[in-house]
Structures are given as C-alpha cells and as structure tokens.
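Reader: Could you take me through a close look at a single part of this model? I would enjoy one connected account, with the cut-offs spelled out along the way.

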Amino acid sequence: MKKHQGFTKVKLAERALFIIIGAVLMAIGLEVFLVPNQIIDGGIVGISIILAHILGWKLGIIIFLLNIPFFILCYKQIGSTFTLSTLFGIIILSVATTLFHSVPAFTNDLILATVFGGLLLGAGVGLVIRNGGSLDGTEILAILATKKLPFSVGEIIMFFNIFILGSAGFVFGWNRAMYSLITYFIAFKTIDIIIEGFDESKSAFIISENYQTIGDAILKTLGRGVTFLKGEGGFSGDNKKVIFCVISRLEEAKLKAIIEDKDPGAFLAVTNIAEVRGGRFKRKDIH
C-alpha cells in the first residue's frame with residue numbers, strides 16, 4: 001500500500017503497539033488521576049474535559065468528536081500516514097477513557113494527582129508522537145499555522161493552552177487551574193524526555209591553545225571523535241583551532257571535567273542536537 005510504503009508489517013505492528021500503549025497511558029492519567037480531581041490538560045483534551053464536566057457527557061466521546069475536523073484537515077494538508085496513525089491513537093484514547101471512567105480515583109491528593117497524571121500524560125503523548133501520530137488536534141493546527149505565522153509550533157500550542165487553562169479557572173476554580181498548569185509543564189518535559197531520550201545528543205565547540213591535548217583526551221576518555229575547525233579571532237585576527245565534537249547528554253559533565261583539567265580558561269559552548277546520523281557517532285555507555 002502506498003501510504004505505508006517503506007514500512008514492513010513488523011514495523012507497522014510495532015508502531016501500532018506503541019500507539020496503543022501511549023493512548024492507554026494517557027487515558028489512565030486522565031481518568032484515574034486528573035479528571036476525578038478536576039485537573040485538566042491543555043489542547044483539545046483540556047477543552048473536552050471542560051465540556052464533559054458542563055454537559056455531563058463521556059469524555060471519550062467528546063475527545064473523538066472535537067478531533068474530527070482536525071482529521072480532515074490533517075489528511076488534506078499533511079498526509080495519510082500521519083492521519084491514520086493519529087486517528088488510530090485517538091480512537092484508542094476515546095475507548096480507553098470510556099473504559100477507565102468507572103475506575104475510582106487512585107488518589108485524592110492534588111499534588112500526587114498532578115505529578116503522576118502529568119507523567120502518564122507526557123509518557124503517553126511522547127510514545128505516540130515518537131511513533132508517527134498525535135493525540136491532540138491542536139498539534140495538527142499548530143503545525144499548519146507555522147506555515148503562515150511567524151511563530152514556532154511550541155509557541156502556538158502554548159498560546160492555545162494558556163487560553164484553555166485560563167478557562168479552567170472559571171469552571172473548576174483558580175486553585176485547580178494552577179494545578180492544571182503544573183500538570184501541563186510536567187507532561188511537556190516528560191514528552192521531551194520520551195521523544196529525545198535521556199541520552200539526547202549535544203554538540204560542543206571548544207576554543208583552546210591546548211586543542212590537541214584536549215582532543216586527545218576526549219578521544220581517549222569518552223571515545224568520541226573530534227574535528228578541528230579553522231577559526232579566526234574577530235578582535236585579534238589570530239588564527240585559532242576550534243574543536244568540534246558530538247556527545248550524549250550524560251557525557252557533558254565528563255567533557256567539562258576534561259577541559260577543566262587540560263585548560264581551565266578554554267572557551268566552551270554546548271548546544272542540544274535533535275538528531276545525529278552518519279559518520280562514526282554511535283550511542284555509547286557512560287564511561
């Protein structure tokens with residue numbers, strides 16, 4: 001099938017399994033932790049929780065109905081594979097929230113409900129995104145809006161969620177709205193960890209007169225290759241060697257220790273990298 005070109009049956013089954021797990025985790029976070037304590041999430045799910053409270057409808061039904069326009073928009077503007085993955089995930093989420101609706105709240109402690117509800121939401125959404133889908137129509141709208149607006153996807157989603165979480169204050173009270181804001185940030189950071197992983201890659205630029213010594217130490221201690229780039233001081237005009245290397249998040253402290261030992265006055269700049277491919281870079285154990 002053209003829409004699944006490039007995916008084997010095993011890969012499709014694997015993606016479907018992780019989307020199911022992600023949707024179920026989100027449903028547990030909603031129905032067992034957040035909704036019974038009147039704490040909401042952002043996006044379409046947040047709107048659905050508010051409407052379910054006002055109308056007395058099942059949360060799963062409202063989530064599905066509100067996402068229908070986004071399925072159509074997604075199919076026309078983004079593509080069938082992403083649309084099908086998103087449709088599948090939201091169907092599972094809608095069914096799972098309905099099944100878990102009768103399960104009593106795991107805790108009535110608002111702090112515990114906020115933290116664990118946010119963790120489950122973030123883990124669920126992160127798994128679905130990592131496997132090519134989405135569980136919320138606002139993400140689709142944000143992706144499309146970035147083509148015409150000078151804002152990032154994250155900034156647009158943040159704008160929507162500030163409005164939605166603010167609305168929760170009028171429905172559930174401002175105390176619950178503040179807990180909802182904490183839940184949102186916990187979920188947001190959990191999504192980042194699930195998608196990027198604990199060993200997120202980082203790039204490092206080092207300027208030092210002892211570039212060869214530092215480069216050799218990085219190669220010997222971390223097992224990472226280095227590249228020497230030619231640089232020129234903007235003020236002095238002197239020629240300089242710039243060390244470039246890619247490390248994991250957990251190797252950053254080791255890198256700083258190497259530089260502190262070899263040249264405490266060296267210049268160091270470290271930035272996050274979304275993805276690394278090719279070359280000799282491979283995930284390594286912590287040294």
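Author: **A close look at aspartate 136**

Aspartate 136 counts as buried because its relative accessibility is 5%, where buried means under 20% relative accessible area, exposed over 50% and partly exposed in between, with a 1.4 Å probe and protein chains only. Before going further, a word on the source: this is a predicted model, in which local features need pLDDT of at least 70 and side-chain atom pairs count only at pLDDT 80 or more, while totals for chains, interfaces and linings use all residues. Residues are numbered from 1 along each chain as its sequence is written, and side-chain values use heavy atoms, with hydrogens and water left out.

Now to the setting. Aspartate 136 sits in the loop that joins helix H5 (110–130) to helix H6 (137–145); helices (H or I, at least four residues) and strands (E, at least two) are DSSP runs numbered from the N terminus. From this loop, the aspartate 136 side chain reaches the backbone nitrogen of isoleucine 44 at 2.9 Å. That side chain also reaches the backbone nitrogen of valine 45, at 3.3 Å.

Contacts, meaning heavy atoms within 4.5 Å, fill in the surroundings. With neighbours within four places in sequence left aside, aspartate 136 touches Gly42, Gly43, Ile44, Val45, Asn67 and Ile90.

Stepping back to the chain, its secondary structure comprises 10 helices and four strands. Of its 287 residues, 41% count as buried. Among contacts with a separation of 6 or more, 75% come from residues 24 or more positions apart.

How values were computed
Polar contact = N/O pair within 3.5 Å; in protein donor to acceptor, adjacent residues only side chain to side chain.
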